[in-house]
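User: Please take a close look at a single part of this structure, and set out in one connected account how that part relates to the rest.

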Amino acid sequence: MVGGFSSGAAERLETLNGGGEATAFLVVLLGRGRSSYTLRTYGRGLEHFLSWLTRAGVGLGEVDRAVIVKYVAEFARGERDGVAVGRAPATVNHRDRKSVV
């Protein structure tokens with residue numbers, strides 16, 4: 001993929017449950033002339049969310065408001081090497097907007 005989202009990132013995304021749909025979404029954004037920053041940011045957010053869904057045992061078709069609330073709460077707490085580090089409100093809000101797109 002071009003436009004700021006590497007082929008390696010696209011391949012990682014494709015391996016995740018829902019990755020094909022996520023990649024198709026990014027291709028649409030690319031076709032609409034979105035910036036490389038937008039593609040990178042959305043791609044990373046989608047990869048993070050889909051990875052979390054896999055770890056949580058939730059299928060893409062099962063995502064509802066409660067699942068998103070749980071994801072955002074866990075993302076806000078954040079962990080680094082098993083230690084909660086928290087995240088800045090702007091980071092959480094940014095990821096929250098990307099998760100419901």
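Analyst: The model is predicted. Its largest nonpolar core has 18 residues, and those with the most contacts inside it are Leu13, Leu26, Leu50, Trp52, Leu53 and Tyr71. Helices α2 (19–31), α3 and α4 (65–77) each supply at least two residues of this core. The largest share, seven residues, comes from α3, and this helix is therefore the part examined here.

Helix α3 covers residues 36–56. At 1.5 Å a residue, its 21 residues should span 30 Å, and the end C-alpha atoms are indeed 30 Å apart, which agrees. The helix is followed by Gly57, which has a positive phi, near 70°.

Many positions along α3 are buried, among them Leu39, Tyr42, Leu46, Phe49, Leu50, Trp52 and Leu53. The buried positions also include Thr41, Gly43, Gly45 and Ser51. In soluble globular proteins, nonpolar side chains tend to be buried together.

Glu47 is a further buried residue of α3, with a relative accessible area of 18%, which places it under the 20% limit for a buried residue. Glu47 forms a salt bridge with Arg12, and the closest N and O atoms are 3.1 Å apart. Because Glu47 lies in α3 and Arg12 in helix α1 (residues 7–14), the pair ties together parts that are 35 residues apart in sequence. Arg12, for its part, is partly exposed, at a relative accessible area of 44%. The structure holds one salt bridge, formed by Glu47 and Arg12.

Conventions:
Residues are numbered from 1 along each chain as its sequence is written. This is a predicted model: local features need pLDDT of at least 70, side-chain atom pairs count only at pLDDT 80 or more; totals for chains, interfaces and linings use all residues. Side-chain values use heavy atoms; hydrogens and water are left out. A salt bridge is a side-chain nitrogen of Lys or Arg within 4 Å of a carboxyl oxygen of Asp or Glu. Helices (H or I, at least four residues) and strands (E, at least two) are DSSP runs, numbered from the N terminus. Buried means under 20% relative accessible area, exposed over 50%, partly exposed in between (1.4 Å probe, protein chains only). A nonpolar core is a set of buried Ala, Val, Leu, Ile, Met, Phe, Trp, Tyr and Cys residues joined through side-chain atoms within 4.5 Å. The expected span of a helix is 1.5 Å times one less than its number of residues.
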